[in-house]
2 protein chains.
Amino acid sequence: MKLPNHVTITEVGPRDGLQNEARILPLEQKVAVIDRLSRTGLTRIEAASFVSPKAIPQMANAADVMAAIKRAPGVIYIGLVPNERGACDAIAAGVDEISVVVSASESHNRSNVNRSVDESLQSVTEIAALCRESSLPWVGYVSTAFGCPYEGVVEPDAVFRVAQHYAEAGAYAVALGDTIGVANPKQVRELVPHLMTAVPGAEVRLHFHDTYGRALANSLAAMEAGATQFDSSIGGLGGCPYAPGASGNVATEDMVSMFHAMGVETGIDLDALLGVTLFVGEMIGRPLDGRVQRAVAASRE
Amino acid sequence: MKLPNHVTITEVGPRDGLQNEARILPLEQKVAVIDRLSRTGLTRIEAASFVSPKAIPQMANAADVMAAIKRAPGVIYIGLVPNERGACDAIAAGVDEISVVVSASESHNRSNVNRSVDESLQSVTEIAALCRESSLPWVGYVSTAFGCPYEGVVEPDAVFRVAQHYAEAGAYAVALGDTIGVANPKQVRELVPHLMTAVPGAEVRLHFHDTYGRALANSLAAMEAGATQFDSSIGGLGGCPYAPGASGNVATEDMVSMFHAMGVETGIDLDALLGVTLFVGEMIGRPLDGRVQRAVAASRE
């Protein structure tokens, strides 16, 4: 089994996680989560989304969050932006990196942002120009890269089309999002090398959801295909399993625990991470969903 | 990715699952679970354990269970036996196959059955003789094959020692049990081929627990190493995640769903299986833990 010595994890709990939670956290709680995460050895934290608070009230105060967090040395704080205005706000707020999202499937993109894929890609070009002016690195996410809730199968060409637009527009990395958790390891093992060929200059990142329990198997398949960049969310935050449309992120602890067991380093302190999981669970008022934290909690009873 | 066209799943819910549930099901409920499972396309069901009902009250009435179930054509009903007496009872009750369990680690075996590994292996030899007399196939399980709750690391030699004893005594299959869910894909990928070499005449089976969420990743690794035989439990039954010492089985639906998505056939009807999961959850009075059934339940809300 050919494995990398080290992989890099981007913690998306404060954004992709909290955005999908019913409970809206006040500013100081969001800041507390991010600051605790930044002391676990994580080097990349998706900290905020610069969207309209009317559209996504969970993500209000993005600029205030960026101003209030205690910047840890060596940690990259990332802001998601939906459009040029969001990009301007994110740049003004001092993010270290920007991420953008476009779906591979037309119907999901339209349902998500009420635009065609082409319209979204045009917007990406404009965001890219703003990033270039500010010398800010940015990452392009391809949503529904492994399957779409409306269209079912997504053809690899639809994925490559978005990915290549990102690469040509200057993204240093392209991320494949398994938005509804339907990816399987065979598909991952086939798609990832093709993507690497399609965007030879860009890093490839994987963002798996654990809806059907396959996220770690998919991560393994991606790693065997040469991927070393993964997203995950503290405690699997985001997408309550009992809520309609459940599509929870893979738990950071579960990913870190498996990688470490395999001798693949992440630089993250698992015990410190589990402390943050406990803290976040108390904050949002329900036990979080990661397997490792559940096993650890059970062993302490 | 080299994958088999077909794998065989042994459903262990009625035994390994129910044995670890707090609620003790009456005879007719156990029979109802087994009979429903036998109509899903499953071809192998671990139906009972022939232990003392004083030791494990959940497993009382094993012979009555075997007498009351409606034998489905093509389905193999398996009985676990702890000793010669259990083997005699299982044979008299008409099981199609017997399974035995010995731990690879001394301290776990002693804690489990108050015997040394050598004493347990001697008992296996006697059970094997009874099976031979009755022309009954039997499988040997190696518990704690990937790690022990008392000793931590388990050396492969300790696993091979038990496995080779099984093979020499006439087991047609040897199963590795990840009793506490600590196996990782790298370890699986290394151990499985070595085991196949150590017991060249025997089938190799994997019994993964999902304690740390790694069961599907480990199944993938095992399949890539050539394994085609897996255990799983309906709804992940067995080892409640919030109970001390949690060590739940991997959910049959999760395994079947991932395998089918990869084009690996199991012969099992996933929808029918999910119907049984719902039925069992209502029977034991809590929603079961599999990811697929949770996602399906959420999508119906």
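A salt bridge is taken here as a side-chain nitrogen of Lys or Arg within 4 Å of a carboxyl oxygen of Asp or Glu. The exercises below apply this to a predicted model.

**Exercise 1.** Determine which helices are joined by the salt bridge between B:Glu224 and B:Arg189, and decide whether each residue is buried or exposed.

*Solution.* Begin with the distance: the side chains of B:Glu224 and B:Arg189 meet at 3.4 Å, N to O, which is to be set against the limit of 4 Å. Next, place the two residues: B:Glu224 belongs to helix 9 (residues 215–224) of chain B and B:Arg189 to helix 8 (residues 185–198) of chain B, so the pair ties together parts that lie 35 residues apart in sequence. Finally, turn to accessibility, for which buried means under 20% relative accessible area. B:Glu224, at 12%, counts as buried, and B:Arg189, at 18%, counts as buried too.

**Exercise 2.** Carry out the analysis for B:Asp96 and B:Arg71, and state where in chain B each residue is found.

*Solution.* The closest N and O atoms of this salt bridge are 3.2 Å apart. The pair links distant parts of the chain, 25 residues apart, since B:Asp96 is in the loop between helix 4 (84–93) and strand 4 (97–103), while B:Arg71 is in the loop between helix 3 (62–68) and strand 3 (76–80). As for accessibility, B:Asp96 counts as partly exposed at 25%, and B:Arg71 counts as partly exposed at 36%.

**Exercise 3.** Describe the contact between chain A and chain B, starting from its extent and ending with its salt bridges.

*Solution.* Chain A gives 35 residues to the contact and chain B gives 35 residues; the area buried between them is about 3300 Å², with carbon and sulfur atoms giving 57% of that area. The count of salt bridges between the two chains is eight, and there are 10 residue pairs in polar contact, both residues being at pLDDT 80 or more. On the side of chain A that touches chain B, helix 8 (185–198), helix 9 (215–224), helix 10 (252–261) and helix 12 (291–300) each supply at least two residues. The residues of that side divide into 20 nonpolar, five polar and 10 charged.

For an individual pair, consider B:Arg294 and A:Asp289, whose side chains meet in a salt bridge at 3.0 Å, N to O. B:Arg294 lies in helix 12 of chain B and A:Asp289 in the loop between helix 11 (270–284) and helix 12 of chain A, so this pair joins two chains. Both B:Arg294 and A:Asp289 are buried. Another salt bridge, between A:Arg291 and B:Asp289, is also given at 3.0 Å, N to O. These residues belong to a network of salt bridges that links A:Asp210, A:Asp289, A:Arg291, A:Arg294, B:Asp210, B:Asp289, B:Arg291 and B:Arg294.

**Exercise 4.** Work out what relation connects chain A and chain B, and which residue of chain A comes closest to the rotation axis.

*Solution.* Two copies of a chain are related by a rotation about an axis and a shift along it. Here a rotation of 180° with 0.0 Å of shift along its axis superposes chain A on chain B, with an RMSD of 0.0 Å. That is the relation of a two-fold axis. Among the residues of chain A, A:Ala217 comes closest to the axis, its C-alpha lying at 1.9 Å. The interface may then be compared between the copies: 100% of the interface residues of chain A are also interface residues in chain B, so the copies meet through the same surface.

Notes:
Residues numbered from 1 in each chain as written. Chains lettered and ligands numbered in written order. Predicted model: local features only at pLDDT ≥ 70, side-chain atom pairs only at ≥ 80, totals over all residues. Heavy atoms only, no water. Contact = heavy atoms within 4.5 Å. Buried area = accessible area lost by both parts, 1.4 Å probe. Polar contact = N/O pair within 3.5 Å; in protein donor to acceptor, adjacent residues only side chain to side chain. Helix = DSSP H or I, 4+ residues; strand = E, 2+ residues; numbered from the N terminus. Nonpolar A, V, L, I, M, F, W, Y, C, P; charged D, E, K, R; others polar. Least-squares fit on C-alpha atoms with pLDDT ≥ 70 in both. Buried < 20%, exposed > 50% of the residue type's maximum accessible area, 1.4 Å probe, protein only.
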